[in-house]
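Q: Please give me a close look at one part of this structure and build outward from there. Keep it brisk, and tell me what touches what.

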Amino acid sequence: MKTDIQIAQEATMLPIRDVAAKYGIGEDDLELYGKYKAKFSDELLKEIEGRPDGKLVLVTAINPTPAGEGKTTTSIGLAQALAKLDKKCLLALREPSLGPCFGIKGGAAGGGYAQVVPMEDLNLHFTGDFHAITSANNLLAAMLDNHIQQGNELRIDTRQVIWKRCLDMNDRALRNIVIGLGKKADGFVREDHFVITVATEIMAILCLANDMKDLKERLSRIIVAYDLDGNPVTAGQLKAVGAMAALLKDAIKPNLIQTLENTGAIVHGGPFANIAHGCNSVRATKSALKLADIVITEAGFGADLGAEKFMDIKCRMADLKPDAVVLVATVRALKYNGGVPKDQLSTENLDALAKGICNLEKHIENLQKFGVPIVVTLNSFVTDTQAEYEYIRNFCEERGCEFALSEVWAKGGEGGIALAEKVLNTLENKESNFHVLYPDEMPLKEKINTIAKEIYGADGVNFDPAASKMLDKLTELGFGNLPVCMAKTQYSLSDDQTKLGRPEGFNINVRDVFVNAGAGFVVALTGAIMTMPGLPKKPAAFGIDVDDDGKITGLF
């Protein structure tokens with residue numbers, strides 16, 4: 001079998017202007033980045049504002065395992081299948097981070113015959129959006145330290161600087177650092193930190209902003225530190241907003257590329273789902289809904305993280321209402337959740353499947369809490385058996401869910417026809433009664449407790465004293481009505497990644513809390529979650545190379 005990158009490099013891509021033409025977009029409405037990538041112009045985005053919206057389908061998954069689930073692959077294959085059924089369909093996906101690409105997870109362009117292309121460009125620098133976000137973030141950090149150096153007119157308490165520098169790379173050595181060493185002219189000595197670019201508030205802001213005006217208003221509200229009296233100090237007070245917005249001027253425009261079968265894909269923004277809110281940009285999703293009859297979008301990792309944040313943060317803020325949810329699982333991952341070692345997942349094991357399917361069951365229950373109809377799909381592997389398929393099909397149908405087998409990795413759009421037909425049937429015959437999990441006015445602690453109990457299945461929440469104190473302070477400062485973004489491991493419904501299946505009898509441990517005032521949510525850090533990942537012992541970077549002709553290899 002060919003590797004993903006071999007398949008992608010052999011693809012016949014259409015010029016991006018021809019892809020755009022399928023959706024009524026003229027070349028003058030595009031800002032071209034070579035032959036196969038483009039950004040939407042501001043004029044196009046304004047022109048389509050008054051059009052009716054298409055249907056919105058969210059793709060999510062069970063908790064990820066080393067066995068793989070194929071959520072992005074399924075999203076892309078489903079869009080290709082809908083196009084084969086003559087439906088006007090668009091994808092709205094996230095951009096990949098360089099950290100996982102060179103670390104452990106690999107690229108994020110799909111897989112097999114369900115990929116978006118050019119895959120090398122997407123997985124590397126793409127159109128420069130992440131560079132712009134990194135630059136804007138670090139400009140604010142530099143202006144903050146410069147303000148302190150130049151007299152500190154705002155009386156910033158250097159012990160309470162909360163703004164961190166960033167880099168789009170896994171680099172654990174930068175998590176905790178000391179800056180300002182050297183002479184007096186080299187700045188104040190203080191502890192500082194780096195986060196990965198996709199975990200920054202700038203990324204979250206870019207993905208939630210409706211337009212440049214909204215972007216600037218959000219940037220101005222960013223809290224960078226507290227003063228000696230405990231009052232917040234903002235980016236607006238540092239006079240950093242205009243320059244940051246200038247760096248983000250092009251990055252805020254959605255990007256258009258294509259699938260292997262030339263279906264359009266708007267790929268824009270990419271906040272981490274276990275640390276941030278894990279969804280592509282509001283602008284990308286909203287523009288896709290104006291340009292197509294059906295939009296396929298995805299949320300990061302399992303439904304406990306990605307889907308919950310999609311519903312409770314993105315949909316709440318952007319007034320989006322999903323019409324259906326596709327929940328992706330694999331036989332292998334369910335057996336892994338049932339206790340089967342990774343090297344034995346290819347053998348039929350209905351007992352392990354019966355034990356591990358509780359993870360799928362919990363995600364079905366969770367999604368039903370939001371009032372959106374569900375289609376469960378199994379991403380097919382050659383080692384799966386008919387008995388395993390039938391067991392899962394019956395399990396899903398007993399719980400009121402449509403079920404379909406997906407073979408898009410091996411067959412592209414053709415392998416997604418069964419899934420596409422189930423999705424179309426759901427869109428036509430089942431009504432979405434979407435609602436968020438909790439109201440705005442619910443106190444922050446209760447919001448965290450609600451997510452922990454309702455979505456994770458926890459008995460309750462343990463708050464570290466510092467986290468509890470910060471929640472009280474944020475409420476006093478007027479942030480009590482904001483939604484909560486839980487930073488939690490993706491590998492378990494609990495905050496302990498070793499607890500597989502459907503854990504019971506556990507508490508969620510919240511060790512720290514902070515507000516992303518510009519993005520508009522409160523972040524709760526649980527367990528041992530890190531905002532700057534590290535590289536594994538054998539990073540994916542070991543296998544990536546460029547030959548003498550400039551051809552990239554090893555990107556999956």
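A: Contact here means heavy atoms within 4.5 Å. The model is predicted.

Start with Ser-75. Ser-75 sits in helix H4. Its relative accessibility is 0%, so Ser-75 counts as buried. What does Ser-75 contact, once its neighbours within four places in sequence are left aside? The list is Val-59, Leu-91, Leu-93, Ile-296 and Glu-298.

Thr-72 lies in helix H4 too, which spans residues 71–84. Thr-72 has 15% relative accessibility, under the 20% cut-off, so Thr-72 is also buried. Beyond four places in sequence, Thr-72 contacts Ala-108, Ala-109, Gly-110 and Glu-298. Glu-298 therefore appears in both contact lists, that of Thr-72 and that of Ser-75. An α-helix has 3.6 residues a turn, so residues three or four places apart point the same way.

Now to the strands. Strand E3 covers residues 55–61 and pairs with E17 in the parallel sense, over 5 bridges. Val-57 stands opposite Ala-324 of E17. On E17 there is a further pairing: 5 bridges join E17 to strand E18 (residues 374–379), and the two run parallel. There, Val-326 has Val-375 of E18 as its bridge partner.

How many residues of E17 are buried? The strand runs from 324 to 329, and 6 of its 6 residues are buried. In a regular strand the side chains alternate between the two faces of the sheet. In E17, Ala-324, Val-326 and Val-328 are on one side, while Val-325, Leu-327 and Ala-329 are on the other. Both of these faces are covered.

Helix H11 is another covered element. Of its 10 residues (282–291), 9 are buried, so H11 is largely enclosed by the rest of the structure. Among the buried ones are Val-282, Ala-284, Leu-289 and Leu-291. The buried set is not purely nonpolar: Arg-283, Thr-285, Ser-287 and Lys-290 belong to it too.

Next, the nonpolar cores. In soluble globular proteins, nonpolar side chains tend to be buried together. The largest nonpolar core here has 136 residues. Leu-219, Ile-222, Leu-248, Leu-360 and Ile-392 touch the most other members. Take Leu-360. Away from its sequence neighbours within four places, Leu-360 contacts Ile-62, Leu-327, Ala-329, Leu-334, Val-376, Ile-392 and Cys-396. Leu-327 and Ala-329 come from one face of E17. A second, separate core holds 42 residues, including Ile-76, Val-328, Leu-427 and Leu-555. Val-328 is on the other side of E17, with Ala-324 and Val-326.

Further along the chain is Val-510, in strand E22 (residues 507–516). Its relative accessibility is 0%, so Val-510 counts as buried. Leaving out neighbours within four places, Val-510 contacts Ile-448, Val-461, Asn-462, Phe-463, Asp-464, Ala-467, Ala-524, Leu-525 and Thr-526. For scale, Val-510 and Pro-254 are 35 Å apart, C-alpha to C-alpha, with their places 256 residues apart in sequence.

Charged pairs come next. The whole structure has 31 salt bridges. In one of them, the closest N and O atoms of Lys-488 and Asp-304 are 2.8 Å apart. Lys-488 is in the loop between strand E21 (484–487) and E22, and Asp-304 is in helix H12 (residues 303–318), so the pair links distant parts of the chain, 184 residues apart. Are these two residues buried or exposed? Both Lys-488 and Asp-304 are buried.

Glu-365 and Arg-502 form another salt bridge, at 2.7 Å between the closest N and O atoms. Glu-365 is in helix H15 (residues 358–368) and Arg-502 is in the loop between E21 and E22, so this pair ties together parts 137 residues apart in sequence. Glu-365 is partly exposed at 29%, and Arg-502 is partly exposed at 27%. Both belong to a network of salt bridges with Glu-361, Glu-398 and Arg-399.

Lys-369 bridges to Glu-454, with the closest N and O atoms 3.0 Å apart. Lys-369 is in the loop between H15 and E18, Glu-454 is in helix H19 (residues 444–456), and 85 residues separate them. Lys-369 is partly exposed at 28%, as is Glu-454 at 34%.

Finish at the surface. Met-1, in the segment before helix H1 (4–9), is exposed at 67% relative accessible area. Met-1 forms a nonpolar surface patch with Tyr-113 and Trp-409, and together they have about 340 Å² of accessible area.

Conventions:
Residues are numbered from 1 along each chain as its sequence is written. This is a predicted model: local features need pLDDT of at least 70, side-chain atom pairs count only at pLDDT 80 or more; totals for chains, interfaces and linings use all residues. Side-chain values use heavy atoms; hydrogens and water are left out. Patches are made of residues with over 30% relative accessible area and no salt bridge: like charges are joined within 9 Å, nonpolar side chains (Val, Leu, Ile, Met, Phe, Trp, Tyr) within 5 Å. Accessible areas come from the Shrake-Rupley method with a 1.4 Å probe; for residues, only the protein chains shown count as cover. A salt bridge is a side-chain nitrogen of Lys or Arg within 4 Å of a carboxyl oxygen of Asp or Glu. Helices (H or I, at least four residues) and strands (E, at least two) are DSSP runs, numbered from the N terminus. Buried means under 20% relative accessible area, exposed over 50%, partly exposed in between (1.4 Å probe, protein chains only). Two strands pair if DSSP finds at least two bridges between them. A nonpolar core is a set of buried Ala, Val, Leu, Ile, Met, Phe, Trp, Tyr and Cys residues joined through side-chain atoms within 4.5 Å.
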